[in-house]
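Biologist: I am new to this protein. Please take me through the empty spaces inside it and the place where the ligand sits, one step at a time.

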Amino acid sequence: MINVTKAFLPPKEEFMKHVSEIFDSGILTNHGKKVQELEQKLAIYFGTLYFHYVTNGTVALQLAIECLDLPKEGEIITTPFSYVATTSSILWEKYTPVYADIKADDFTLDPEKIEELITDKTVAIMPVHVFGYNCEIENIQKIADKHNLKVIYDAAHTFGAKYKDKQLATYGDISTLSFHATKLFHTIEGGGIICKNEEFNNKIELMKRFGHTNDNHQILGINAKQDEFNAAMGLTNLNYISQIIEARKKISFLYDEMLSNLVDNRKILRPLKNKDLEYNYAYYPIVFENENILIKALNKLKELDIFPRRYFYPSLNTLPYLKTTQNCPISESISKRIICLPLYVDLEEENIEKICKAIKE
Ligand SMILES: *Cc1c(COP(=O)(O)O)cnc(C)c1O
């Protein structure tokens, strides 16, 4: 069986060496050695002073919203084309998600549509660098500055991607990452927060551990502390990150080659890559002409025991638990026609061929 993704597993001995050190230390959590080491290494990797390693990418988003001192109520303008956590974190924090539509060429938020939706209720903008493709960062920042709004990037897909020679996850007032097992870099479960300044950084530092240092209770916090075993997986995997990205790049290029006819004849659409983006090959999305063809392709692949994923589907503006109906025609149309093809380090060439042959048929 071939799934859309398979968690990267490092050599067991290397992970076990860390585990053995954890056993020797007797310290399992609460900002232990492994967590500290991974936090430092990731801060260097991202080129920031303000990096936090937390329990998952969803709580990272919630903490990001919490730390910005936004008005207690209001609207956050966000994208309908993402994983549900982008929207659920807004709702969980008791804000109202307002959906701007995406651009058909790279599936990121359309800055013009963002600006049209800004009212006196708007408190922030939360775009997603979806599949690792960068948003229009400068244009979004201009709009945010003009209306005095904060920008929170859900950068869950951006590990290793660079925009204008800087890590893509370092843009915005605050950016969040996910290190879930299905992601390009993982710590089994895990997440990251990158703050723009020291003020947000200090607040996250307190908030992620219940809002207190010793007996001094300063602000309302939550438990987003990561434990030593997850950090051990992160430390082990981090040694392989360039190999992981390189392997994914190779596979993506093979797909490019084998699907080039379909792309040239506009039978499938691939996202447009910005010239200033050094891509991380996090996903391999393809968009079909219509949903019927997509379903046929999925059935064909299923016969071969191959399971790509309808990703992202449905468009988040159509979630059943939203209070209002908002239309996002481009996102709704793309969502119905898009799949992500299997992409993981040890996916064999013969299987890539099988997948492409089935899609062509
Ligand atoms: C994976 C993901 C998240 C959530 O991350 P978890 O670590 O699974 O909580 C949030 N946003 C996007 C876009 C994601 O793909």
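Modeller: Start with the largest cavity. Its volume is about 60 Å³. Keep in mind that this is a predicted model. Rolling a probe the size of a water molecule over the atoms shows where empty space is left. Two groups of numbers stand out in the lining of the largest cavity. One includes His31, Val35, Glu39 and Tyr53. The other includes Lys208, Arg209, Ala224, Lys225 and Gln226. By class, this lining has 4 charged residues, along with 3 nonpolar and 2 polar ones.

How many cavities of 30 Å³ or more are there? The count comes to 2. The second largest cavity holds about 50 Å³. Ala156, His157 and Phe159 line it, and so do Ser178, Thr182, Lys183 and Leu184. Ala282 and Tyr283 complete the list. The mix here is 5 nonpolar, 3 polar and 1 charged. Remember Ser178 and Lys183 from this lining. They return at the ligand.

Now move to the open space. The largest pocket contains about 470 Å³ of space. Its lining has 30 residues. Which of them are closest to the centre of the pocket? They are Tyr83, Thr182, Lys183, Tyr283 and Tyr311. Thr182, Lys183 and Tyr283 also line the second largest cavity. Helix 3 gives the most to the pocket lining, with 3 residues. Helix 4 and strand 9 (174-178) each supply at least two. By class, the pocket lining divides into 13 nonpolar, 12 polar and 5 charged residues.

What takes up space in the largest pocket? The ligand does. Around the ligand are 14 residues. The closest are Gly57, Thr58, Asp154, His157 and Lys183. This shell has 9 polar residues, 3 nonpolar and 2 charged.

Look at the oxygen atoms of the ligand next. One is 2.6 Å from an N or O atom in the side chain of Thr58. For Ser178, a polar side-chain atom lies 2.7 Å from a ligand oxygen. Lys183 has a side-chain N or O atom 3.2 Å from an oxygen atom of the ligand. Taken alone, the ligand has 390 Å² of accessible area, and the protein covers 93% of that. Two elements give two or more residues to the shell around the ligand: helix 3 (57-67) and helix 4 (84-92). Both helices also supply residues to the pocket lining.

Finish with the backbone. Most residues other than glycine have a negative phi, and most peptide bonds are trans. Two bonds here are cis. The first to check joins Tyr311 and Phe312, with omega at about 5°. Tyr311 is one of the residues closest to the centre of the largest pocket. Phe312 is in the loop between strand 16 (306-307) and helix 11 (329-337). Next comes the cis bond from Tyr313 to Pro314, where omega is near -5°. Pro314 has its place in the loop between strand 16 and helix 11 too.

Last, find Lys94. Its phi is positive, near 70°, and Lys94 is not a glycine. Where does Lys94 lie? Look at the loop between helix 4 and strand 4 (96-99). Helix 4 is the element that also gives two or more residues to the ligand shell.

How values were computed. Residues numbered from 1 in each chain as written. Predicted model: local features only at pLDDT ≥ 70, side-chain atom pairs only at ≥ 80, totals over all residues. Heavy atoms only, no water. Near = heavy atom within 4 Å. Polar contact = N/O pair within 3.5 Å; in protein donor to acceptor, adjacent residues only side chain to side chain. Areas by Shrake-Rupley, 256 points an atom, 1.4 Å probe, with all protein chains shown as cover. 1 Å grid on protein atoms, 1.4 Å probe; cavity = no way out; pocket = protein on both sides within 12 Å on 5 of 7 lines; lining within 4 Å. Sits in = over half its atoms within 2 Å of the grid points. Helix = DSSP H or I, 4+ residues; strand = E, 2+ residues; numbered from the N terminus. Nonpolar A, V, L, I, M, F, W, Y, C, P; charged D, E, K, R; others polar. Points joined across faces, edges and corners; volume = space filled by probe spheres on them.
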